[in-house]
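Student: Before we look at any details, could you explain the terms as we meet them, so that I can see how each name is justified?

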Amino acid sequence: MIIGVIGAGQLGMMLGESARELGCDCIFLDPNKNSPAKKIGEVLSYEFNDLKAIKKLSSQCDVITYEFENVPVKSINFIDPRKVYPPSDALETTQDRLKEKHLFDSLEIPVAEYSKVDSFSDLLDAADSLGYQFLIKTRSFGYDGKGQFLIKDESDIRKAWDQLGNQPLIAEKKIKFDREISIIGARSLSGEIALYPLTKNNHVNGILRTSRSTDENAIVTKQAHDYLSSLLKKLNYVGVLALELFVKDEKVIANEYAPRVHNSGHWTIEGTETSQFENHLRAIMDMKLGDTTVKGFAGMENLIGCIPAEIKGLSSEFFFHDYDKEERQGRKLGHVSIVTPEEEDREIKLKEIQRIISQT
Ligand code: AMP
């Protein structure tokens with residue numbers, strides 16, 4: 001099988017590594033020829049909205065997928081729908097936070113109280129109806145906390161509007177959550193579903209820093225499973241889907257979903273028999289999905305902005321993944337995963353990685 005991947009970033013690279021293990025080749029499409037996935041397979045260097053390039057990719061591959069959610073829907077719709085997964089509806093919905101919230105509403109998945117903001121007067125209405133604090137977010141193209149403004153009180157309203165007011169927005173009540181978790185699952189072409197154990201996530205400045213596999217209590221786990229399963233079915237989904245969630249007083253509240261493999265699931269590479277990357281490929285090739293049970297206690301620390309030299313010298317109990325990207329502030333350059341038989345040992349090892357990072 002030859003798999004076409006739109007996007008050749010680190011997620012594409014890790015998909016490609018799994019594809020190799022399954023005996024498949026990958027061809028990538030990305031305007032940046034020098035992307036992390038270049039070490040795996042050919043990168044066709046064209047813009048994502050270049051339909052001729054999409055046609056070329058399609059003619060060379062048996063099945064096509066994508067590794068980021070800002071792929072132009074038009075490009076996906078240009079491909080035979082029996083050849084490209086996840087389905088374009090899932091992509092189109094998540095590219096507009098308002099549509100995404102409406103989908104959650106229709107499935108009775110709880111979300112933060114929200115309202116549409118198309119004008120300054122809508123923003124004032126949002127402040128009245130939601131109360132402080134609340135966030136405004138761009139409806140499209142936001143990621144890693146970008147395109148967001150936290151409005152703490154009335155004095156922030158004008159500043160927030162000046163910064164983001166030139167595009168469609170959504171206002172969202174700020175949730176005082178107890179913790180952030182995510183759930184990742186795969187659904188195959190035949191409709192088989194496999195869910196991973198929940199992941200507990202810590203963000204710094206809107207960017208994911210640390211993930212840990214977690215045994216949440218039964219009440220939280222059931223809500224997360226039900227919500228992800230209902231999304232997978234409603235979207236007639238094929239591939240891996242990640243759902244980001246807040247937990248407050250044991251109630252699970254959805255933030256957003258990503259129609260792709262997800263940073264919070266990187267620990268599955270070493271922490272489970274079948275990683276999220278392998279299960280994504282299995283799902284789109286309609287193979288039986290693999291075991292998602294966690295082997296012990298897994299954790300992952302992102303390397304953001306720079307990779308300290310000491311990281312490269314860590315023992316083989318630390319799994320260092322280098323994305324071969326140039327250093328830049330706020331950029332994800334790699335990650336380190338660990339899997340331990342005891343929870344305490346995981347925490348010691350995560351602290352060790354955090355100590356190294358904090359010294360740079
Ligand atoms: P997002 O880009 O929507 O994934 O948001 C990035 C991060 O901002 C989330 O992981 C949360 O830490 C925080 N955040 C986003 N929306 C809310 C909200 N409604 N209430 C509290 N925190 C939020």
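**Reading the terms against the values**

Student: Which elements each supply at least two residues of the lining of the largest cavity?

Tutor: Helix 5 (97–106) and strand 14 each contribute at least two, where helices (H or I, at least four residues) and strands (E, at least two) are DSSP runs, numbered from the N terminus. Please keep in mind that this is a predicted model, in which local features need pLDDT of at least 70 and side-chain atom pairs count only at pLDDT 80 or more, whereas totals for chains, interfaces and linings use all residues. Residues are numbered from 1 along each chain as its sequence is written, and side-chain values use heavy atoms, leaving out hydrogens and water.

Student: Why is the largest cavity called a cavity, while the second largest pocket is called a pocket?

Tutor: On a 1 Å grid over the protein atoms alone, a cavity is a set of points where a 1.4 Å probe fits but cannot get out, whereas a pocket is an open set with protein on both sides within 12 Å along at least five of seven lines. The structure holds 1 cavity of 30 Å³ or more, and the largest cavity encloses about 130 Å³, a volume being the space filled by probe spheres set on grid points that are joined across faces, edges and corners. Its lining comprises 13 residues, with Glu-69, Thr-94, Arg-97, Gly-142 and Glu-256 closest to its centre; they count as lining because each has an atom within 4 Å of a point.

Student: What are the volume and the lining of the second largest pocket?

Tutor: The second largest pocket has a volume of about 190 Å³, and among its 13 lining residues Pro-81, Val-84, Tyr-85, Pro-87 and Ser-88 lie nearest its centre. By class this lining divides into 9 nonpolar, 3 polar and 1 charged, while that of the largest cavity has 2 nonpolar, 5 polar and 6 charged. Here Ala, Val, Leu, Ile, Met, Phe, Trp, Tyr, Cys and Pro count as nonpolar, Asp, Glu, Lys and Arg as charged, and the others, Gly among them, as polar.

Student: What makes the pairing of the ligand with Glu-172 a polar contact?

Tutor: A polar contact is a pair of N or O atoms within 3.5 Å (within protein, one must be able to donate a hydrogen and the other to accept it, and residues adjacent in sequence count only if both atoms are side-chain atoms). A ligand nitrogen lies 2.8 Å from an N or O atom in the side chain of Glu-172, so this pair falls inside the cut-off. An oxygen atom of the ligand likewise lies 2.7 Å from an N or O atom in the side chain of Glu-256.

Student: How many residues surround the ligand?

Tutor: There are 17, including Lys-137 and Gln-148, a residue being near if one of its heavy atoms lies within 4 Å. By class, this shell has 5 nonpolar, 4 polar and 8 charged residues.

Student: Why does the size of the protein chain agree with a compact globule?

Tutor: The rule is 2.2 Å times the number of residues to the power 0.38, with the radius of gyration taken over C-alpha atoms. For 360 residues this gives a value near 21 Å, and the chain has 20 Å, which agrees.

Student: Where is the cis peptide bond of Pro-86 found?

Tutor: A cis bond joins Tyr-85 and Pro-86, with omega about 0°, and Pro-86 sits in the loop between helix 3 (73–77) and helix 4 (88–94).
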